[in-house]
Amino acid sequence: PRAVISLLLLAGLLALTVAWLLRRVTRPLAQLAQQAEQFGCGQDIPPLAETGPQEVQETLAAFNRMQTRLNRFVQDRTQMLAAISHDLRTPLTSLRLRSEFLADGEDKQRLQQTLDTMEEMLKATLAFARDDQAAEASRSIDLVSLLQSLCDDYQDAGQPVSCLAEGQLAYTCRPALLRRVLQNLIDNALTYAGSAEVSMMRSEGGVQICVRDHGPGIPEAELEQVFQPFVRLDSSRNTDRGSVGLGLAIARTLIHRHGGELSLHNHPQGGLEACIQLPA
């Protein structure tokens with residue numbers, strides 16, 4: 001009996017020691033996985049505490065260095081984009097003043113239309129750069145209420161926008177950025193189809209928000225092409241309505257910040273459907 005009791009005590013001590021060592025090793029790795037997921041969703045996260053065994057400390061230190069370099073790279077690119085867009089407004093203003101001295105005619109009208117298009121491009125680029133620098137904090141909201149209030153605003157303005165989302169759903173996101181994306185999708189549906197239908201579907205993998213219209217749709221070969229910056233399927237129509245081809249590109253970028261995905265597809269019953277897939 002003494003030998004059995006001693007063996008059991010020794011086994012218990014060994015089990016506790018192994019459990020403590022495993023926890024010491026795996027806890028920093030679990031924090032690393034969580035921080036990497038949050039960083040991939042565009043959230044601002046503090047540097048990880050470099051604790052644990054030597055190999056784990058080196059891994060955490062490498063992740064902290066990578067995070068710092070990526071943040072600096074994105075910030076430098078965004079500032080450069082904003083600076084270039086801002087500086088280009090001066091020569092554009094000069095060109096517009098010079099165009100006013102031209103004789104009235106077709107050449108003057110075309111030149112001014114081109115300048116208007118360039119100014120719209122610069123405005124969209126500057127707006128995107130400002131939104132990127134002004135990082136909105138994530139917070140928990142009722143996603144259904146957000147959709148319903150957005151549709152109510154359109155309905156109050158006399159626009160045929162319907163909301164099929166019901167109930168409540170608490171979700172952590174950047175409400176202003178998400179609302180801007182939905183406004184862009186709804187505006188596109190109203191502009192090119194005359195109506196919009198907003199729906200939401202919940203699943204184990206996350207939440208799917210869809211904006212559907214009942215227009216002619218888009219050819220299958222061009223469903224991904226429209227996400228490219230400054231790509232317009234109907235350039236003359238889009239120019240007349242103030243679009244420069246940046247809306248969907250910016251919308252997809254903002255959804256990527258939430259760790260989600262934005263895609264377009266033609267609905268089987270007709271019309272185009274833009275779907276936002278947000279992670280759980």
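## A tour from Thr51 to Ala193

Select Thr51 to begin: at 41% relative accessibility it counts as partly exposed, a class that lies between buried (under 20% relative accessible area) and exposed (over 50%), computed with a 1.4 Å probe and with protein chains only. The model on screen is a predicted one, in which local features need pLDDT of at least 70 and side-chain atom pairs count only at pLDDT 80 or more, while totals for chains, interfaces and linings use all residues. Residues are numbered from 1 along each chain as its sequence is written, and side-chain values use heavy atoms, with hydrogens and water left out.

**Around Thr51**

Thr51 sits in the loop between α1 (2-40) and α2; helices here are DSSP runs of H or I with at least four residues, strands are runs of E with at least two, and both are numbered from the N terminus. If residues up to four places away in sequence are set aside, Thr51 touches Pro28, Val56, Gln57 and Leu60, where contact means heavy atoms within 4.5 Å. For a longer view, add Ser6, which is 45 residues from Thr51 along the chain, with 34 Å between the two C-alpha atoms.

**Along helix α2**

Next, select α2, whose 34 residues reach 49 Å from the first C-alpha to the last, close to the 50 Å expected at 1.5 Å a residue; that expected span is 1.5 Å times one less than the number of residues in the helix. Among the buried residues of α2 are Val56, Leu60, Phe63 and Ala82. Ile84 belongs to α2 (residues 54-87) as well, but Ile84 is partly exposed, at 45% relative accessibility.

Keep Ile84 selected and add Met80 and Leu88, since these three form a nonpolar patch on the surface with about 270 Å² of accessible area together. Such a patch is built from residues with over 30% relative accessible area and no salt bridge, nonpolar side chains (Val, Leu, Ile, Met, Phe, Trp, Tyr) being joined within 5 Å and like charges within 9 Å. The areas come from the Shrake-Rupley method with a 1.4 Å probe, and for residues only the protein chains shown count as cover.

**Salt bridges**

How many salt bridges does a search of the whole structure find? The search finds seven, a salt bridge being a side-chain nitrogen of Lys or Arg within 4 Å of a carboxyl oxygen of Asp or Glu.

Select Arg96 and Asp116, which form one of these, with their closest N and O atoms 2.5 Å apart. Arg96 lies in helix α3 (residues 89-99) and Asp116 in helix α4 (residues 106-133), so this pair ties together parts that are 20 residues apart in sequence. Asp116 is partly exposed, with a relative accessible area of 37%.

Staying with α4, show the side chains of Arg110 and Glu106, which meet in a salt bridge at 2.5 Å, N to O. Both residues lie in this helix, four residues apart, about one turn. An α-helix has 3.6 residues a turn, so residues three or four places apart point the same way. Arg110 counts as exposed, at 51% relative accessibility, whereas Glu106 is partly exposed at 48%.

Move on to Asp153 and Arg179, whose salt bridge also has its closest N and O atoms 2.5 Å apart. Asp153 is in helix α5 (residues 143-156) and Arg179 in helix α6 (residues 175-193), so the pair ties together parts that are 26 residues apart in sequence. Both count as partly exposed, Asp153 at 40% relative accessibility and Arg179 at 22%. Then return to Arg96 and Asp116 and add Glu119, because salt bridges that share partners join Arg96, Asp116 and Glu119 into one network.

**The cysteines**

Which cysteines form a disulfide? The structure holds one disulfide, a pair of cysteine sulfur atoms within 2.5 Å, and its partners are Cys210 and Cys275, with their sulfur atoms 2.5 Å apart. The link is right-handed, with 105 degrees about the S-S bond. Cys210 lies in strand β5 (residues 206-212) and Cys275 in strand β7 (residues 272-279), so the pair ties together parts that are 65 residues apart in sequence. Cys210 is buried at 6% relative accessibility, and Cys275 is buried at 5%.

Now select Cys163, which is in no disulfide, the nearest cysteine sulfur being that of Cys151, 4.1 Å away. Cys163 is partly exposed, at 23% relative accessibility, while Cys173 counts as buried at 1%.

**Last stop: Ala193**

Finish at Ala193 in helix α6, a partly exposed residue with a relative accessible area of 27%. Ala193 touches Asn188, Asp213, His214 and Gly215, not counting residues up to four places away in sequence. Adding Pro216 shows a residue 23 places from Ala193 along the chain, with 7.6 Å between their C-alpha atoms.
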